[in-house]
Amino acid sequence: MMLELRGVHAHYGPIHALRGVDMAVQVGEVVTLIGANGAGKSTLMMSLFGLPRASAGHIIFDGEDITGLPAHAIARRGIALVPEGRRIYPRMTVLENLQMGAALADPLNFEVDLQRMCALFPILGERRHQRGGTLSGGEQQMLAIARALMARPKLLLLDEPSLGLAPLYIRKIFQTLRELNRDHGMTILLVEQNAHHALRVAHRAYVLQHGSIVLAGTGRELLASAEVRAAYLEGGQVR
Amino acid sequence: MRVVVAQHAPSLRERLKDAAAVACVALLLGVPMIGLTTVDQGGALHVATRWPVLAIFVTLCFIGRLLARFGLDRLQLRRRSRPAAVSALRGTGALTAWVGWSCLGVALALPVIFSDNRYVVDTATTVLIYVMLGWGLNVVVGLAGLLNLGYAAFYAVGAYAYALLSTQFGWGFWQALPVAGAFAAGFGLLLGWPTLRLRGDYLAIVTLGFGEITRVILINWTDLSNGPNGIASIPRPTFFGLPFKPDGDTPTFASFFGIEFSPLHRIIFLYYLILALAMLTNLFVSRLRKLPVGRAWEAIREDEIACQALGINVTNVKLSAFAISAMLGGCAGVFFAARQGFISPESFTFNESAIVLAIVVLGGTGSQLGVVLASLVLVLLPELGRDFADYRMLLFGAAMILIMIWRPGGILAKREPTLRYRALSRDGGGP
Ligand SMILES: Nc1ncnc2c1ncn2[C@@H]1O[C@H](COP(=O)(O)OP(=O)(O)O)[C@@H](O)[C@H]1O
Ligand SMILES: [Mg+2]
């Protein structure tokens, strides 16, 4: 088991954002979490890093209870996050952004990893001296993913990577995720509102509603499920 | 702050309305300040009115606002119509380096050129102190993006540490420098520890308070600091043990080199000393910027949450920025104490913090060369302005406003990347 959440609750002051979430991610899996706007998806991602800290329940990563640890200590254990809204460093160049991603990695790997990222996203190699803030949204998203991968994580978390991107970029990003998982065995936990793509790459998926998991199954099952179709796919897709 | 201007050119009516609003404010302020005045009539004070003067004042404000607004709009229009200069800045890196080296060349030659002009060398020394302070504060404000309004506190800690170590324990300049620097760094940690969870305005207020507290303690803890009287006869730095003074029993700088004594020797030595310290500071900070810790400072300024998710210990990185910045300020303080020979809490008021901060902000936060240019402006302007006597500070303020209008991001707002990776250019394609 790579990651396990047992009855996790989280609060923002009086707001009860997570109400006892149980979920699990196995080694080598792609797991998708779908849910409407405000369901608590980002909160769940951030609470893995203790921002906000789970007010009850346990988060177990790689057999270790990481519930109370500070964010940087959790990242150091091998979890990398591609945050909602990308959060690349706008005034730093592409290369510097990637360098920050490798802050914890062995410096000896830097060149190899850099070449790997440029092979994965050739546009990043071409734009390496460009400031992050001047990239297009899709390029920024690729940079955010590449930056997270520079840390050589065991578990890659992505919070709505398709948000606000052109369909071409969305396809490219989901294809990359599939390749990362298939060819490199990367374990991925993906949060999406864009359920269609996300469920197709997922081995398993969960549906989050008002801070609790209301549905779980394989990606295929959820794609076929009437409830999911109604709420997140056909027309009902919440923006 | 950027002046917000509507996209369309304002009509005459809008301009008049805007100017009228300003004139109204001028009138409100002007009634008590200009319209009414007290006159001494045989011992008794009487209030007299000066309505014509007030009318002139309000009219001037009206016309001035109209003209200023018009000028500003023209400037904005010109700026907007200029082709986007994003990638056209390619050459600035080389230019910056060139200007930087020229500045260093001039700085090195200055005492030779002006070897008989004490005033010039003295003023240049002051400029260099502010350059060093600016580079030190730049670590926290420019790189890490944490506002510090109490930088003079670290300057004071360094200065007092040297003053006490030298007068009470007979330490020399070179022995005391690292110790005082470390002491100031410790102070930086002490301040940083409880305050770094605060952000933006709150951090600014707390650092402001800390700066004032330090000064008040120095005034009141008379046993330690001799209170408002300050500490006098602080030993001056020596040239590797050779003092700068007229003949004595021990060899002096002049007698050792067999030259005639001149009080200028010490002035010039002090100048080169602060030049060396400032250059060391520059090297140190530029070096750090390329190391993981320096890169983390900048990353934290850009996005703290992203940093946490990448495994960076935000608290430690901020603390390191605070400590290093404090250390550099402390070292500048040591030099200040050694140069003046006398220090008192008067020298470390909020005004000092504000000037150093202004240097960093006007220079373009994060830019090393910008700090030099801004120090030149901010130190030389009041000096040149001495002829203007009372209007000196007015001139100073006007110059600052003009710089901010001309370059809202600071004189040199462009950030130099720390990493240029050539190995890729063979197979990467593109520029
Ligand atoms: N920083 C915050 N402070 C207070 N409430 C928040 C904060 N962030 C999110 N929330 C609330 O928590 C709930 C879940 O938000 P979020 O996790 O961002 O949802 P999602 O990512 O699924 O759209 C929402 O009701 C939101 O208003
Ligand atoms: Mg979200």
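In the predicted model, strand E1 (residues 3–12) and strand E2 (residues 15–25) of chain A pair in the antiparallel sense through eight bridges. E1(A) and E2(A) make up a hairpin in which two residues separate the strands. A:Gly13 lies in the turn and has a positive phi of about 55 degrees. Across the hairpin, A:His11 has A:His16 in E2(A) as its bridge partner.

Chain A also contains an open sheet of six strands with mixed pairing, in the order E6-E7-E8-E3-E9-E10. Strand E6 (79–82) and strand E10 (212–218) of chain A are the edge strands, each of them pairing on one side only. On average, and with direction ignored, neighbouring strands of this sheet are turned by 15 degrees against each other. Within the sheet, strand E3 (residues 30–35) and strand E8 (residues 187–192) of chain A run parallel and are joined by five bridges. A:Thr32 is found opposite A:Leu190 of E8(A).

Two helices of chain A contact strands of this sheet. Helix H7 (residues 167–184) of chain A packs on the sheet and touches E3, strand E7 (155–159) and E8 of chain A. The direction of this helix makes about 155 degrees with that of E8(A). Helix H10 (residues 226–233) of chain A lies across E3, strand E9 (204–209) and E10 of chain A, and runs at about 60 degrees to E9(A).

In total, chain A has 10 helices and 10 strands. The radius of gyration of chain A is 17 Å, close to the 18 Å given by the globule rule for 239 residues, so the chain is as compact as a globular protein of that length. Taken along the principal axes, the box filled by the C-alpha atoms of chain A is roughly 45 × 40 × 35 Å.

Over all chains, a search of the whole structure finds 20 salt bridges. In one salt bridge, the side chains of A:Asp113 and A:Arg152 meet at 2.9 Å, N to O. A:Asp113 belongs to helix H4 (residues 110–120) of chain A and A:Arg152 to the loop between helix H6 (137–149) and E7 of chain A, so the pair ties together parts that are 39 residues apart in sequence.

In chain B, a nonpolar patch on the surface is formed by B:Ile213, B:Ile217, B:Trp221 and B:Leu224. Together these residues have about 390 Å² of accessible area. B:Ile213 is located in helix H7 (residues 200–220) of chain B.

Note on methods:
Residues are numbered from 1 along each chain as its sequence is written. Chains are lettered from A and ligands numbered from 1 in the order in which they are written. This is a predicted model: local features need pLDDT of at least 70, side-chain atom pairs count only at pLDDT 80 or more; totals for chains, interfaces and linings use all residues. Side-chain values use heavy atoms; hydrogens and water are left out. Patches are made of residues with over 30% relative accessible area and no salt bridge: like charges are joined within 9 Å, nonpolar side chains (Val, Leu, Ile, Met, Phe, Trp, Tyr) within 5 Å. Accessible areas come from the Shrake-Rupley method with a 1.4 Å probe; for residues, only the protein chains shown count as cover. A salt bridge is a side-chain nitrogen of Lys or Arg within 4 Å of a carboxyl oxygen of Asp or Glu. Helices (H or I, at least four residues) and strands (E, at least two) are DSSP runs, numbered from the N terminus. Two strands pair if DSSP finds at least two bridges between them. Axes are lines fitted to C-alpha atoms, for helices over the stretch in contact, and angles run from 0 to 180 degrees between N-to-C directions. Contact means heavy atoms within 4.5 Å. The radius of gyration is taken over C-alpha atoms; the globule rule is 2.2 Å times the number of residues to the power 0.38.
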